[in-house]
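Me: Could you take a close look at one helix pair for me, and go through how the two helices pack?

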Amino acid sequence: MLVRDYQVHDVLEGRLAPRRVKGPALVPPLGDWGWLEAGVVSGDVLVPGSDVRSQIWHWVEADRDGSVTRRLLTFTTDHRLSARRIIFELLCELCFRNPHWLLVADAAESALNDGDPQVRRTAARLLVGAAEPDRAMSALEASTDPVVRIAFVDAIPWNEVPHHRAILERLRSDLVPAVRLLANVAVFSRDNPAAWPALDDAIRADLEPCAGVLNGSGFRTEQTGGERWARALTLLDREQDCYAWAERLASRSESPQVRLEGVRVALAAMREWRAAPGRVTPMLIDLLQDEISDVRSAALHTLAASLTASRLAADELAAVLDDPELGAVAATALGSVGDHRAVPHLVRLMLSGSDEPRLTEAFKAVARAGADPQAPVAAARQILAALPDSCAPALPMRVLAAFGPAAAAALPELTARLEEAENDTPNCAFYVLGRIGPAAAAAAALLRQYPTQGATLALLRVTLDRAVAEQYLAGRPERPGRDGIASALLTWLAEHGGLTARQHKQLRSLFRAPGFGQLTSAGALWLQEGPAVAAELLEVLPDYLYDDLWGRKALRVLAAMGSHARPVLDRLDRLVARRHRLGINSGGADAEMRADEALYAAVIAARQKIAE
């Protein structure tokens, strides 16, 4: 298997890199419609990047009422339930780019009488997107079907509806609990805080009847009543009210459904406010002893979602490591905060082929925390030995990279991948060998056989031979442009004796280009020029502080600058003082919360060094 650049990025950063996908050859919608039939039946029309989806998008954008759209609409009355569900979901997605689409609106309105609740919900959402607001409102008023009416109230953009407040006030007394709850949530306004307590009480009264009603497939957002309420609380910045309601809902005197909503409100609070883990963790710890397994699981997953909460609940998480239902999540949560008690359990998860999404994160954290490498390295070697034809099984390679020099025992398995590679490019093995460093000296001869950037960087880190870096850089222009390893090589040289005049020019060129190269060259520039370059660095580095990946790299350079970075202390203080999480885009609400927690800790550490 050829190891692509994005797989190496996966090893380096522990998350997926964007792939470059060439567009498919477009097939004209003439003659045989088998391609479309197959795409609908298989569900590929809903798979981003699939050929059939790309073809549909092309032809609909070219002529939205053309033959492809009309062919799609034939599936809205298909006898196969799966086809109807798939086509209405696809039409909702297409309608996002094509509002006020009469042909599709007619099909959506016809489907409000479909025998399947999910189809009816999606059809109501589609009608809202494809028609004018008046048409959706008329359909809502004419319908007596609770499923349809709930879906309309959920999907209608109320701010665009004339006299919407009067309509919502009427819906607040509707016979259907979910309609009432959605209307009460929609009525919340910053302009009328006096109404909040009554709205809260009304929503609380309808929470239990709405259990399982609002988070089914087909809704605009598959959120429970409690999650929708929590969103309103967070949007209004009602921090203390959010904590209070989470604790009230999670009381043992409440039903399991309501306790679950309490956990969900607590999670929403943790995602929004930095102080929330300290406030809600005791409540969540108490729910780990709940008699209902769903409640216990929800509480554990919520604790695990936050690094801060996991630290606060470390002993309680350790107590459930052997629990067959909760142990895997508890182990990854503990591991992610560097708790050594998680290591044996993480090893067992790796050997069992577990798909726990945060295993890599956990192994990296325990490695940084100085955990005993023997068992993790042995497990990684065992997996690599069992898969000799695989170029880079992701998890064991990441584990070996995390433990660095302590993974030297895996040299036989790593060098085997270099010796047996034919057309493959074993970039992952290069990276791991580089992380091992001089302890991988036995692999140096093999590394020299590969004229690639990854092999060059690994060879430098293994041999500590300046000539390796100097030879590579001598073959690069003084303005190297985008270069995957030039900054790393120049940084190493700056740390080990300094740069030549030409290398200094190369470094300067990299620093002038905004982006990752600028940031990765900043540390070397500080090492080479010292205080003379402080003003330039202080002009550039603060721009990266709010990034989950680059922010910590910028902070490391600022920390190395020490007192020369004091002009940024006010920026760091503002970061520390924030009540709300940073708006970091790193792959999901929980991942963004943890990224904020990690960046917050890095800011505190850097600030201490700068202020010394």
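Reply: Sure, let's take helix 20 and helix 21, whose crossing is left-handed (the near helix is turned anticlockwise from the far one by less than a right angle). A quick caveat: this is a predicted model, where local features need pLDDT of at least 70, side-chain atom pairs count only at pLDDT 80 or more, and totals for chains, interfaces and linings use all residues. Residues are numbered from 1 along each chain as its sequence is written, and side-chain values use heavy atoms, with hydrogens and water left out.

Helix 20 covers residues 327-336 and helix 21 covers residues 343-351; both are DSSP runs (H or I, at least four residues), numbered from the N terminus. Their axes lie 9 Å apart, at an angle of about 120°. Those axes are lines fitted to C-alpha atoms over the stretch in contact, with angles running from 0 to 180 degrees between N-to-C directions. So helix 20 is oblique to helix 21, since oblique is what remains once under 35 degrees is roughly parallel, over 145 roughly antiparallel and 65 to 115 roughly perpendicular.

As for who touches whom, helix 20 brings A328, A331, T332 and G335, and these meet H345, L346 and L349 of helix 21 (contact means heavy atoms within 4.5 Å). By type, the residues of this contact are four nonpolar, three polar and no charged. Here Ala, Val, Leu, Ile, Met, Phe, Trp, Tyr, Cys and Pro count as nonpolar, Asp, Glu, Lys and Arg as charged, and the others, Gly among them, as polar.

Notes
Helix = DSSP H or I, 4+ residues; strand = E, 2+ residues; numbered from the N terminus.
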